[in-house]
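Colleague: I have some labels to challenge. Show me the model, and I will ask what stands behind each one.

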Amino acid sequence: MSVSNLLENWSQFRHAHPVDDKPHDPYKWAMSIDLDACTGCNACSIACYAENNIPVVGKERFQHGQQMHWMRIERYWDEDGRDFPDQGAQFLPMMCQQCEAAPCETVCPVAATNHTADGLNSQIYNRCVGSRYCSANCPFKVRYFNWYDYPTDEAVWPAEMRQQLNPDVSVRSKGVMEKCTFCVQRLSAAKSVAKSEGRIVREGEVQTACQQSCPTGAISFGNLVDPESRVHKQWQAQQVELDKDKQAKDEHEEGTDLRGYRILEELRPYPSVMYLERVRESAV
Amino acid sequence: MKDIREDIAWAKINQDVMKSLENPRRLYWVILFVAICAFGVGVACEIYQYRTGMGVANLNNPQVWGLYIATFIFWIGMSHSGTLLSAILHLMHADWRKPIYRFAEAMTTFSLMTAGLFVMVHIGRLWQFYYSLPYPNERGIWPNFQSPLLWDAMAIFTYLSSSILFLFVGMIPDLAIARDNMADGWRKKLYTLLALGWEGTDRQWRNFRVTYLTIACFLIPLAVSVHSIVASDFAMSQAPGWHVTSFPPYFVAGALYSGCAAIITLFIILRYVFRFEEYMTKSILKKIVRLTFAIAMIWTYLNAVEFAAVWYSHDEASKAVLIEKATGTYAPFWWGMIFCGSVVPLVFAFERFQTNIPVLFATSLLLNLGMWLERWMIIAPTFSHGIYPWTWDHDQWPSMVQWGMVFGSFGWFTLLFMIFCKVFPSVSMYEVKEMVYHRTLHLKKSETAEQGAH
Amino acid sequence: MKIKEFTREAVMIDSGSIKQLAGHPIDRRDFLKVLGWSGAAVALSGCGNTSVEDGKETVVSYVEANDYMIPGVGVYYNSTCAQCDAGCSINGRVREGRVLKLEGNPDSGINKGKMCGLGQAGVQDHYNPDRVREPLLRNGAKGETITWEKAYALIAEKLNGVKGEEIAFLSGGVSGHLKALLGNYLDSIGTKNHFVYEALAPVGVRAANLKSYGVALPRYRLDKAKVVLSFGADFLGSWISPMHFSQQYAQFRKGADGQRGVLIQVESKMSLTGANADRWLVVKPGTEGVLALGIIHALGTASGEIAELVKAYDRVTVSKATGVSVSQIDKIAALLKLRSPSLVLAGSAVEGYAHGAQNAIAINLLNHVLGNVGKTIEAPVAVPFPQLAPSVGNTASLKALNDGLAAGKYKVLFNFAANPVFTAPGAFKFKDSMAKAGFKVAFTHYLDETALQADLVLPLDSALEDWGTQIPEYLADGMQLNIQQPLMEKLHANTRSMGDILLALIKQRRAEDYKGFEDYYAYLRSSLLQNKGALGAGGSDDDNFWNEALTKGILKIASSAAMLSDKAAASGLQLPKAEEVDAKFPMHFIPGVTASMRDGRHANQPWLQESPDPLTTIVWDSWVEIHPKKAFELGIAEGDIVEVTSKTGSIKAQAYLFSGIHPEAVSVPLGRGHEALGRYAKGYGVNPFGILDAVYDKETGELAMHETRVSIKKTGARVLIVKDEGAAGGLQMGRKIAVSKTTDQVDLSEEV
Ligand SMILES: Nc1nc2c(c(=O)[nH]1)N[C@H]1C(S)=C(S)[C@@H](COP(=O)(O)OP(=O)(O)OC[C@H]3O[C@@H](n4cnc5c(=O)[nH]c(N)nc54)[C@H](O)[C@@H]3O)O[C@H]1N2
Ligand SMILES: Nc1nc2c(c(=O)[nH]1)N[C@H]1C(S)=C(S)[C@@H](COP(=O)(O)OP(=O)(O)OC[C@H]3O[C@@H](n4cnc5c(=O)[nH]c(N)nc54)[C@H](O)[C@@H]3O)O[C@H]1N2
Ligand code: SF4
Ligand code: SF4
Ligand code: SF4
Ligand code: SF4
Ligand code: SF4
């Protein structure tokens with residue numbers, strides 16, 4: 001333990017501004033979600049419960065706003081005040097955006113949430129003291145706190161159900177914060193296999209649970225710095241750049257025919273999730 | 001109006017003040033008992049929450065902070081008047097400070113100790129609180145020095161220790177008096193120990209003055225920085241309604257405000273309970289009241305500044321929060337804050353009320369209520385109506401567990417204070433003597449001046 | 001039980017890199033043997049896995065773990081999802097002997113590696129704490145545990161001297177070898193009374209399709225269509241084969257040439273599919289067929305019989321009847337003319353009327369007029385083995401059974417994979433009728449409402465513990481036989497495979513014929529091996545064939561296509577004139593079918609209870625959807641408890657103001673409101689089945705689920721609705737969160 005160690009420890013995982021100070025190499029995990037393909041079916045959300053040992057809190061706690069869904073499907077209506085929603089609804093899968101300059105990280109008093117070298121917003125349960133400052137500062141409000149001790153709650157995980165828990169994912173106890181991890185357990189597994197074969201993870205080798213279940217393939221996920229990855233190609237085609245808080249394409253006053261955008265970009269969290277705008281037919 | 005008497009004998013001063021240390025009146029026991037019960041309620045709530053989980057506080061996502069943080073700021077605010085005022089007034093040689101600064105400083109110390117409790121009951125894993133301290137560990141894992149919460153922890157700790165030091169140093173001569181006036185017993189032992197062998201030699205007095213002055217000078221910027229840092233917990237965040245540049249001065253003003261109000265309350269209580277009419281005179285009270293009024297107006301002004309800044313900004317989210325405050329679920333409390341904080345103090349503008357004990361007592365309580373509401377209104381609306389509409393929640397309400405701990409904290413504070421008053425002289429004897437002395441000098445001067453006229 | 005000698009191969013093992021290690025050699029092992037069917041029951045319980053027999057932790061030495069079981073490494077086996085009838089193939093992750101998660105099997109043409117939320121929850125069916133674990137015999141009000149031997153003996157005794165026609169067997173839809181075996185058993189006890197009941201089967205649509213296309217379910221090709229005009233077909237949510245349709249939908253949206261497919265949804269209550277439409281048209285309940293004829297009229301391309309038929313359906317009349325504006329009808333007609341091929345779907349929402357089948361036929365006409373038949377309406381494959389082909393259920397057969405029971409015709413009633421006491425329309429009073437049967441046997445996983453009425457309750461293995469074969473009714477991608485195989489050892493020692501039970505029972509009658517198979521697994525294996533040739537593996541060695549079948553989880557079988565008739569069935573088509581409203585019950589009642597709750601058989605799976613309804617975001621409860629305008633009229637606000645009363649009964653539930661519903665209709669979702677079925681289902685919400693009137697489709701005799709009329713009354717009580725949606729409702733408050741463009745603003749052809 002030394003002061004140099006201290007400075008090291010914390011400058012290493014802090015980004016005032018992403019990538020240029022510390023480029024991601026060889027990995028930068030990122031996602032893109034096509035809102036025109038997303039049907040709001042919830043399969044991804046349930047897949048996330050299954051993969052990540054998320055507790056089902058029950059009716060009463062849900063009523064108190066203590067639900068834990070890392071992936072929530074938001075449902076919006078057009079705001080044109082018509083009698084009927086005759087252009088349907090609009091669904092938006094929302095989970096941790098794995099911000100490059102994450103507002104949640106800077107405020108955590110104990111550095112329990114950090115930026116990893118491969119571009120994830122990590123959450124170290126063992127280190128978390130439960131101050132909930134991260135949640136207060138997360139613009140997307142995708143952090144979920146363990147208000148109760150779910151692992152020991154028979155109503156949440158009766159003995160039989162406990163056998164379904166994924167051993168690759170720690171079960172979070174009372175008083176710690178949690179959120180979408182981009183299924184980091186799958187990423188680690190893929191990386192170690194690749195490493196043992198002296199290469200990096202190839203496109204398609206690893207999927208997040210939500211992506212894997214999504215029946216319309218609305219979610220794509222991969223390594224943004226790998227030019228072969230679909231995510232890389234999509235971000236490029238949509239001219240969305242990770243380290244911009246205002247995309248060049250949005251500058252043209254006549255607008256753009258590209259659908260890619262990031263939510264609350266203007267707050268400069270530099271999210272790692274790009275959304276593709278929903279499309280509606282103009283002819284009917 | 002009657003000010004402190006110049007002909008009052010020094011021996012009598014000792015006598016009167018030392019009396020406050022002796023066999024308590026019934027009222028004292030009553031207050032003590034009530035305090036203990038109130039504190040008990042708080043402890044029970046915490047035990048329940050500790051074992052079951054924070055959920056029983058009925059906090060949720062997005063409303064992750066509640067009354068704990070609000071009340072934490074409230075008590076930090078309380079702490080400000082005492083030490084800060086005492087130090088400033090000391091530098092300004094304001095004599096009227098002398099009879100009241102002792103208990104004011106005690107108040108600072110105790111409200112800081114109360115505030116600290118709220119940090120503890122707020123965190124989800126109380127048993128791991130020490131992670132937030134920069135202690136040496138083999139893995140070289142440090143807390144995050146970027147987090148305002150960490151600055152908070154440090155600032156408050158520093159402030160607490162310096163305040164205790166200031167209180168103690170200022171008390172040394174009186175402790176010596178106490179020592180010399182005590183029959184053998186644990187008290188005598190205690191005072192002998194704490195008096196550090198004070199004999200009142202010139203050298204001791206000289207060093208004493210220098211030390212006291214130094215600490216005072218050190219405390220003023222510290223006190224200001226403490227609440228600025230508490231303000232940073234909010235101002236440094238991105239949340240609408242918090243991301244406000246004027247927060248640090250606003251918080252400091254609020255702190256002084258609630259502090260002064262609390263001094264008025266306690267002044268009146270002590271004056272009555274310990275029969276300190278001789279020393280805690282109405283003319284002193286009047287000075288505090290005027291000071292409080294001035295601060296109230298500054299606070300009001302800073303409020304206006306904040307609202308205007310938000311209103312004319314292009315930050316729609318912040319504007320929405322402001323509107324929500326004034327019209328939404330919390331409107332009654334928000335307007336209550338405005339009323340108690342900006343309207344009620346107008347009472348102080350009237351000369352005749354400035355010394356009217358019952359009026360002042362009631363008013364000072366209202367001011368503190370207003371200041372507590374202010375802290376709550378900083379927290380709740382921002383969470384319930386944040387940047388992300390999908391997570392808006394206007395229905396969340398603190399559970400009895402939260403209210404219980406808020407209630408309990410007043411018990412804890414009173415408890416500490418009552419004990420202090422019985423163990424240490426809550427009025428500075430040696431400085432009151434100085435005060436009387438200065439006054440006689442002053443009167444002599446005016447006499448000789450008259451004779452000269454002849 | 002004796003050791004099974006056979007081997008199978010995992011599809012892959014964990015490594016994060018999906019499929020990377022497919023068919024890893026470490027894995028050729030005698031799986032079931034080590035699975036402990038040899039009696040070493042908990043041989044592979046890993047950390048925390050407790051043997052349910054003795055409740056003791058059983059630690060496995062990782063020093064010499066079983067070879068197929070690499071500590072800390074998941075092994076994947078293929079099987080078939082049993083959560084609904086779509087027949088998706090699943091790929092279960094097994095670790096330390098416990099099944100942890102179900103993924104889709106990419107090799108299946110039906111779901112191509114995808115899975116819906118309902119399917120995911122299959123593990124919660126398996127691990128559900130409320131499963132029945134012992135055979136139970138009614139003793140007064142409660143059931144007492146008995147042995148299987150006693151149970152079998154009891155059945156034999158009760159059947160003794162009972163005439164075949166006095167025995168009734170009620171089941172849900174069955175297919176594959178279980179169906180064959182069941183048939184043989186019924187045969188052996190000399191009864192023909194097999195009632196197949198499914199509460200939510202597309203019966204009217206089947207009937208209509210037979211008339212319109214000559215087949216009950218043609219292959220729908222959304223992926224080939226440029227326009228999909230769907231009349232109440234919730235193909236993204238709960239209709240027929242949602243996983244398959246969802247993937248077709250994705251392609252349809254991308255469009256072949258970058259021209260995005262257009263979805264128009266016509267219905268009276270917005271479904272998940274409706275919520276994804278480019279244009280959602282609210283239509284007066286029951287007038288969907290009229291609108292279809294109106295569109296044909298507007299197209300003006302029809303000739304002969306059809307032209308005759310639609311003469312009366314000019315745009316103005318139709319607009320008046322349906323509530324869809326004239327200009328909208330023109331727009332649709334224009335679009336359909338412009339973009340071809342299109343696809344018109346008649347879904348479950350149109351069939352729920354006394355004229356339901358006619359409704360659907362009218363809609364199907366559009367496909368003929370637009371020349372879609374043969375293009376986006378394709379011939380399905382014929383199932384080569386009729387004895388394995390799915391026997392599909394309907395409510396009509398439940399009615400027959402109900403009448404029989406009420407008339408006291410049946411002495412013995414068997415029930416399997418159906419819960420009529422919960423799902424039968426209230427008007428049936430099924431519970432009372434059932435009581436009239438002398439001896440009632442329920443083969444079940446849970447003590448559901450029906451099992452509670454039984455005299456003998458026989459606990460079944462979960463779908464993840466059981467063997468089986470299955471042929472889905474809708475063969476989305478050619479003929480395939482789905483294999484179901486255990487993904488882990490039985491959790492409970494005293495549950496049995498339905499196949500084993502049937503085999504045991506049939507041996508009571510025909511011991512000779514079946515002595516060859518000492519259990520269902522043996523029966524299944526030899527039966528498949530006998531048919532190797534037909535199953536497209538002629539000549540190959542038995543073990544290899546068998547291993548491959550188990551490894552793949554699917555047998556793809558060459559088969560001829562059925563005949564599709566392109567002759568439109570216009571003759572005799574007639575739709576009712578608008579009926580006058582009954583002042584006492586002025587509102588239409590639409591039972592809502594949601595993707596995760598369906599008919600409620602999975603309501604005890606917590607993931608499904610807590611997964612917000614996509615449209616209302618409500619969890620753990622029922623609600624009454626009512627249009628804001630109507631609500632305002634009746635002074636109803638969100639959260640008001642309202643009473644919904646029909647001729648048959650009434651229910652009370654919280655009102656949810658929902659603009660996606662016809663103002664003259666209210667809707668309550670099906671599936672909740674259980675009085676049994678365990679801790680996660682019991683007492684949550686209300687059961688709308690209970691207030692359904694007995695109105696039938698004139699043509700099919702099927703229950704007309706949308707014909708019930710109701711009245712709405714405020715009770716004065718009010719609750720806070722438990723939902724995910726926040727105080728802002730579905731509004732973004734001008735913040736750029738979920739953004740839309742119109743097709744003329746985008747260029748999809750450029751996209752990756
Ligand atoms: N399944 C299983 N469980 C076990 C054991 C087992 O053999 N198998 N062994 C038991 C025993 S004996 C022990 S000692 C415990 C050990 O339990 P843990 O302490 O959890 O051991 P690790 O997982 O090695 O370390 C925890 C985390 O510390 C991180 N880490 C490493 N160095 C540093 C550092 O310098 N700073 C920070 N912040 N993090 C660091 C690692 O990346 C890892 O994510 O496990 C116990 N539990
Ligand atoms: N790469 C790497 N190496 C590590 C660590 C790491 O994190 N990473 N962790 C280090 C740490 S913290 C630890 S504690 C060590 C642990 O390393 P070890 O002490 O080797 O612990 P194990 O290998 O888990 O157990 C040793 C053997 O004890 C056997 N055993 C189990 N129960 C009993 C018993 O009752 N009696 C006897 N006689 N034998 C028994 C087990 O079968 C096993 O073969 O590993 C250290 N080495
Ligand atoms: S699974 Fe896919 S389609 Fe369904 S909600 Fe999630 S992202 Fe949308
Ligand atoms: S989305 Fe929220 S939790 Fe996730 S990284 Fe960004 S700020 Fe942190
Ligand atoms: S809740 Fe945990 S992670 Fe979040 S800020 Fe507090 S300590 Fe850090
Ligand atoms: S990436 Fe993984 S953790 Fe995140 S939402 Fe998807 S499934 Fe959940
Ligand atoms: S649609 Fe869903 S529930 Fe039905 S079989 Fe497929 S995965 Fe299973």
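Colleague: Start with chain B. In which helix is B:T71 found?

Modeller: This is a predicted model. B:T71 belongs to helix α3 of chain B, residues 67–91.

Colleague: Why is B:T71 called buried?

Modeller: Its relative accessible area is 0%. Buried means under 20%, so B:T71 is buried.

Colleague: Which residues does B:T71 touch, not counting those up to four places away in sequence?

Modeller: B:T71 touches B:F118, B:W372, B:V406 and B:S409.

Colleague: What lies 2.6 Å from a polar atom of the B:T71 side chain?

Modeller: The backbone oxygen of B:L67. The cut-off for a polar contact is 3.5 Å, and the distance here is 2.6 Å.

Colleague: Now B:W10. Is it called buried, partly exposed or exposed, and why?

Modeller: B:W10 has 45% relative accessibility. Buried is under 20% and exposed is over 50%. The value falls in between, so B:W10 counts as partly exposed. Its place is in helix α1 of chain B, residues 10–19.

Colleague: Which residues form a nonpolar patch with B:W10?

Modeller: B:Y437 and B:L441. Together, the three have about 310 Å² of accessible area on the surface. Patch members need over 30% relative accessible area, and B:W10 has 45%.

Colleague: On to the interfaces. What makes buried area a way to describe them?

Modeller: Interface size is often given as the accessible area lost when the parts come together. For chain B and chain C that is about 900 Å², with 65% from carbon and sulfur atoms. On the chain B side, B:P389, B:W390 and B:W392 lose the most area, together 67% of what that side buries.

Colleague: How many salt bridges and polar contacts are there between chain B and chain C?

Modeller: Zero salt bridges by the rule. Five residue pairs are in polar contact.

Colleague: And what is the buried area between chain C and chain A?

Modeller: About 8100 Å², with 54% on carbon and sulfur atoms. C:W607, C:K741 and C:V752 supply 9% of the area chain C buries there, more than any other three residues. The contact takes 103 residues from chain C and 89 residues from chain A.

Colleague: Why is the meeting of C:R279 and A:D86 called a salt bridge?

Modeller: Their side chains come to 3.3 Å, N to O. The limit is 4 Å, so the pair qualifies. The rule finds 13 salt bridges across this interface.

How values were computed. Residues numbered from 1 in each chain as written. Chains lettered and ligands numbered in written order. Predicted model: local features only at pLDDT ≥ 70, side-chain atom pairs only at ≥ 80, totals over all residues. Heavy atoms only, no water. Patch = residues over 30% accessible without salt bridge, like charges linked within 9 Å, V, L, I, M, F, W, Y side chains within 5 Å. Areas by Shrake-Rupley, 256 points an atom, 1.4 Å probe, with all protein chains shown as cover. Helix = DSSP H or I, 4+ residues; strand = E, 2+ residues; numbered from the N terminus. Buried < 20%, exposed > 50% of the residue type's maximum accessible area, 1.4 Å probe, protein only. Polar contact = N/O pair within 3.5 Å; in protein donor to acceptor, adjacent residues only side chain to side chain. Contact = heavy atoms within 4.5 Å. Buried area = accessible area lost by both parts, 1.4 Å probe.
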